[in-house]
Structures are given as C-alpha cells and as structure tokens.
Amino acid sequence: MSAIYRFFGSILQFLDKITGNYMIALALFALIIQILMLPLAIKQQKNSIKQASLAPKVAALRKKYAGRTDKATQQKLQQETMDLYQKEGFNPAGGCLPLLIQLPIIMLLYQVIIKPLSYVSGFSSDVINAIGEKLVSLDANTAAYTAAMKSFEISVIGKIHEKAAELSSIEGFSIDAVPNFTVGPFNLSTTPKFAISDGGWHWDWLILIPIVTLVI
C-alpha cells in the first residue's frame, strides 16, 4: 500500500510544485480525476435517464401483482422486471461503477493527505523521526509531536514551517519539499476546535468548514 500512497503523493507533489499552492494542487488533482472519470459519469447519467424512462413500466408490473405477496408471485414479478430491463438494455447496477472506482481513490487519498511528509514530501522514516525529536527539543510542551509524526503528520505541518530554520540541520530534510497549507493568514492544516473550558466557549473559524460542508 505504501507504494500506491507514494504514487498518489508524487502526483500531488508535482502539482504542488507547478502551482506553488497545496490547496490548488488538491483542487487540480480532483479535477484530473473527474476528467478521467467523465466517460463513466456520462454513462451513469444515461443509465439514470433510462431508469427514469422505465419507471412507469416497472410501476405497471408492480400494480399488476399488487396485493399478492406469495413467493411464486414475487419471483414472477422479479423475473418480468429483469426481462424488461434486458429487453430495454438497462443495467440496474450500471450507475454504481463510478462510485466503486471513486471510493478506493478517496480512501487512498485520505492517507496521503494526513501523512504528507511520508507520501508527498517523500521523507524517510528516519528523517520524519528526527523532525519529531527536534520539534520536541525546541518546545517542551509539544511531546505529542512524536506521536503525531507516526499517524497524523498534517497536524505538525504548520510548526515545521515555523521552525524551518532550526530543522534545516537535519540530513535529508528540505522545507521546500513540505507542502504549505497556509492560505492568506489561515493555516488549513490545523484541526477545527469547539469546546467549553475555563467557563466559556472556545472555537476557531475553521469549525465553519465542516458545518458549511454539512449544510451544502
């Protein structure tokens, strides 16, 4: 799986270099995937249109056997429905193919995005461990960095850019290879937080992203 992750990561790395913005690189990656899947998307649309056109005929078959719930009748209804689909050249499962292809891509891309140092930057495990140890030595309150470097590297991207000068002494490390998640004054690699503590509400504007996404 690591080889597949690195393949996706190399694409994102290339797009990041030519655009100079990791967010734009992600958008271009999504656009490329959509273009490659356009033939399947068109086929899915045609399949949906065909299904809608056959809906009255399917409804007529169900009405024909309405109120009869015995097994023999249900099997006959199912067989006549399948015969109708075959006669009209319609495949009920035809609209699922694009989803079946997109799902593993999304699952693979998720791992690449949360571990950009491993799969986009291409750093070895030794370099990543050295980065984590260096960050801990620079800030005694950030011992969680070592754990983050193993499972959720994206959470320390901002700190890596902040401490780039101190990390430059690590052999094999280059800040130019680390994606920049900053858009204007905002760092999109941080985790949206919403909590009640110290007698008040604490939240940052990033919490609006999942909320707006849910609404849309």
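Contact here means heavy atoms within 4.5 Å. With that in hand, a tour of this predicted model can begin with the chain as a whole. Its secondary structure comes to 11 helices and four strands. Of the 216 residues in the chain, 30% are buried. Among contacts with a separation of 6 or more, 56% are between residues 24 or more positions apart.

Isoleucine 154 offers a good starting point. This residue lies in the loop between α8 (145-151) and α9. Buried means under 20% relative accessible area; isoleucine 154, with a relative accessible area of 8%, is therefore buried. Leaving aside neighbours within four places in sequence, isoleucine 154 is in contact with Ile113, Ile114, Pro116, Phe181 and Ser189. Threonine 190 is 36 residues from isoleucine 154 in sequence, and the two are 7.9 Å apart in space, C-alpha to C-alpha.

Ile113 leads on to a pair of helices, since it also takes part in the contact of α5 with α2. Helix α2 (residues 22-36) and helix α5 (residues 97-114) pack at an angle of about 165°, and their axes are 12 Å apart. The two helices are therefore roughly antiparallel to each other, and their crossing is right-handed. On the α2 side the contact is made by Tyr22, Leu26, Phe29, Ile33 and Gln34, which meet Gln102, Ile105, Leu109 and Ile113 in α5. By type, the residues of this contact divide into seven nonpolar, two polar and no charged.

Within α2, phenylalanine 29 deserves a closer look. Its relative accessible area is 4%, so phenylalanine 29 is buried. Beyond neighbours within four places in sequence, phenylalanine 29 is in contact with Phe8, Ile11, Leu12, Leu15 and Leu109. Leu109 is also one of the α5 residues in the contact between α2 and α5. Phenylalanine 29 and phenylalanine 8 are 21 residues apart along the chain, with their C-alpha atoms separated by 9.4 Å.

A second helix pair makes a helpful companion to the first. Helix α3 (residues 38-64) and helix α4 (residues 71-88) pack at an angle of about 150°, with 10 Å between their axes. That angle makes α3 roughly antiparallel to α4, and the crossing of α3 and α4 is right-handed. From α3, the residues Lys50, Leu54, Lys57, Val58, Leu61, Arg62 and Lys64 meet Leu77, Glu80, Thr81, Leu84, Tyr85 and Glu88 in α4. The residues of this contact divide into six nonpolar, one polar and six charged. The contact of α2 with α5, by comparison, has no charged residues.

The nonpolar cores come next. In soluble globular proteins, nonpolar side chains tend to be buried together. The largest nonpolar core in this model has 30 residues, of which Phe123, Ile131, Ile160 and Phe173 touch the most other members. The elements that give two or more residues to this core are α1 (2-19), α2, α5, α6 (116-119), α7 (125-138) and α9 (157-162). A second, separate core has eight residues, including Leu54, Val58, Leu77 and Tyr85. These four residues also appear in the contact of α3 with α4.

Phenylalanine 123, one of the best-connected members of the largest core, has partners from several parts of the chain. Apart from neighbours within four places in sequence, phenylalanine 123 is in contact with Arg6, Leu117, Ser118, Ile128, Ile131, Gly172, Phe173, Ser174, Ala177 and Val178. Among these partners, Ile131 and Phe173 are, like Phe123, core residues that touch the most other members.

Another of the partners, serine 118, is found in helix α6. At 12% relative accessibility, serine 118 counts as buried. With neighbours within four places in sequence left aside, serine 118 is in contact with Arg6, Phe123, Ile128 and Glu153. Both Arg6 and Ile128 also appear among the contacts of phenylalanine 123. Serine 118 and tyrosine 5 are 113 residues apart in sequence and 9.0 Å apart in space, C-alpha to C-alpha.

Glycine 20 closes the account with an exposed position. This residue lies in the loop between α1 and α2 and, at 62% relative accessibility, counts as exposed. Glycine 20 and asparagine 180 are 160 residues apart in sequence, and their C-alpha atoms are 8.5 Å apart in space.

How values were computed: Residues are numbered from 1 along each chain as its sequence is written. This is a predicted model: local features need pLDDT of at least 70, side-chain atom pairs count only at pLDDT 80 or more; totals for chains, interfaces and linings use all residues. Side-chain values use heavy atoms; hydrogens and water are left out. Axes are lines fitted to C-alpha atoms, for helices over the stretch in contact, and angles run from 0 to 180 degrees between N-to-C directions. Angles under 35 degrees count as roughly parallel, over 145 as roughly antiparallel, 65 to 115 as roughly perpendicular and the rest as oblique. A crossing is left-handed if the near helix is turned anticlockwise from the far one by less than a right angle, and right-handed if clockwise. Ala, Val, Leu, Ile, Met, Phe, Trp, Tyr, Cys and Pro count as nonpolar, Asp, Glu, Lys and Arg as charged, and the others, Gly among them, as polar. A nonpolar core is a set of buried Ala, Val, Leu, Ile, Met, Phe, Trp, Tyr and Cys residues joined through side-chain atoms within 4.5 Å. Buried means under 20% relative accessible area, exposed over 50%, partly exposed in between (1.4 Å probe, protein chains only).
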